[in-house]
Amino acid sequence: MLELSPKEPEELIARIKSCQQHDEMCKRLRENKSQLASKELREENKILYRGSPLLVPNDKELKHAILEKFHDHPTSGHVGIKKTSELISRYFVWDKMSEEIEDYIKGCQRCQKTKAIQLKPGGLLFPHSIPQYPWEVISMDFITHLPKS
Ligand SMILES: [Zn+2]
């Protein structure tokens, strides 16, 4: 199983922490004490968590950086949707996370160019032998069972 070096998520955690301070959704969550008291949401060292993963604010650039780190990074190796989701959810959580991971990977150019097609092979061709002179072989295609007009 792929593991990121512990230093790498720390960079992102610092970014998320500062982003959480300005994010409207995080501000609302902090003000709502009953939600903070619930098991789902907790605050530790001024960082909001949902369960054990960190709550990522709705910031496109930040989420892109996470996806890049967990999918495009040389140590991540462009793994599929399921594995990328599994890796990201160890550290982070946000709304519509699985849909966004799926969209990101489906749009990944590297994956589209290099991943093998998972279809059954088409089979071999059966070409006709090459004629020696013109009109040696004549063939016709009949179109039958046409509907009556
Ligand atoms: Zn990819």
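**Reading helices, a core and a hairpin in a predicted model**

Q: Let's start with one helix. Which residues are buried in α6?

A: In this predicted model, the buried residues of α6 are I101, Y104 and I105. Seen down the helix axis, they fall within an arc of 95 degrees, so they line one face of α6.

Q: Why do residues a few places apart end up pointing the same way in a helix?

A: Here is the general idea: an α-helix has 3.6 residues a turn, so positions three or four places apart point in the same direction. In this structure, the other side of α6 carries E99 and K106, which are exposed. The cover over the buried residues of α6 includes α4, α5 and α7 (109-114).

Q: Which residues are buried in α5?

A: The buried residues of α5 are T84, L87 and I88. They sit on the same side of α5 because their arc around the axis is only 95 degrees. They pack against α4, β4 (92-93) and α6.

Q: Is K82 buried or exposed?

A: Counting neighbours gives the answer: a residue with 12 or fewer other C-beta atoms within 10 Å is called exposed. K82 has 12 C-beta neighbours inside 10 Å, so K82 counts as exposed. K82 belongs to helix α5.

Q: How far apart are the C-alpha atoms of K82 and E102?

A: Distance along the chain and distance in space are two separate things to read. K82 and E102 are 20 residues apart along the chain, and their C-alpha atoms are separated by 8.7 Å.

Q: Now the core. Which residues touch the most other members of the largest nonpolar core?

A: V56, I66, I88 and F92 do, within a core of 17 residues. The elements giving two or more residues to this core are β3 (54-55), α4 (60-72), α5 (81-91) and α6 (97-106). The largest share comes from α4, with four residues.

Q: Which residues does F92 contact, leaving aside neighbours within four places in sequence?

A: F92 is in contact with P53, L54, V56 and I66. Two of these names, V56 and I66, have just come up: they are, with F92, among the core residues that touch the most other members.

Q: How do strands β1 and β2 run, and how many bridges join them?

A: A general point about strands comes before the case: in a regular strand, side chains alternate between the two faces of the sheet. In this model, β1 (residues 41-44) and β2 (residues 47-50) run antiparallel and are joined by four bridges. One example to find in the picture is R42, whose bridge partner in β2 is Y49.

Q: Which residue takes a positive phi in the hairpin of β1 and β2?

A: N45 does, with a phi near 50 degrees. This hairpin has two residues between its strands.

Q: Where is N58, and what does it touch?

A: N58 lies in the loop between β3 and α4. Not counting residues up to four places away in sequence, N58 touches M25 and W94. With 14 C-beta neighbours inside 10 Å, N58 counts as partly exposed. The C-alpha atoms of N58 and Q20 are separated by 9.2 Å, although these residues are 38 apart along the chain.

Q: Let's step back to the whole chain. How many helices and strands are there?

A: The protein chain has seven helices and four strands. Along the sequence they follow the pattern α-α-α-β-β-β-α-α-β-α-α.

Q: What is the radius of gyration of the protein chain?

A: The general idea is to set the value beside that of a compact globule. For 149 residues, such a globule would be near 15 Å, but this chain has 27 Å. The C-alpha trace spans about 90 × 45 × 25 Å along its principal axes. Buried residues make up 15% of the 149 residues.

Q: Which elements have the lowest and the highest mean pLDDT?

A: Helix α3 (residues 33-37) has the lowest, at 69, and α6 has the highest, at 95. Over the protein chain the average pLDDT is 86, and 91% of the residues score at least 70.

Technical notes
Residues are numbered from 1 along each chain as its sequence is written. This is a predicted model: local features need pLDDT of at least 70, side-chain atom pairs count only at pLDDT 80 or more; totals for chains, interfaces and linings use all residues. A nonpolar core is a set of buried Ala, Val, Leu, Ile, Met, Phe, Trp, Tyr and Cys residues joined through C-beta atoms within 7 Å. A residue is buried if 20 or more other C-beta atoms lie within 10 Å of its own, exposed if 12 or fewer, and partly exposed in between; C-beta atoms are placed from the backbone. Two residues are in contact if their C-beta atoms, placed from the backbone, lie within 7 Å. Two strands pair if DSSP finds at least two bridges between them. The arc is that of the directions from the helix axis to the C-beta atoms. The radius of gyration is taken over C-alpha atoms; the globule rule is 2.2 Å times the number of residues to the power 0.38. pLDDT is the predictor's confidence in each residue, from 0 to 100.
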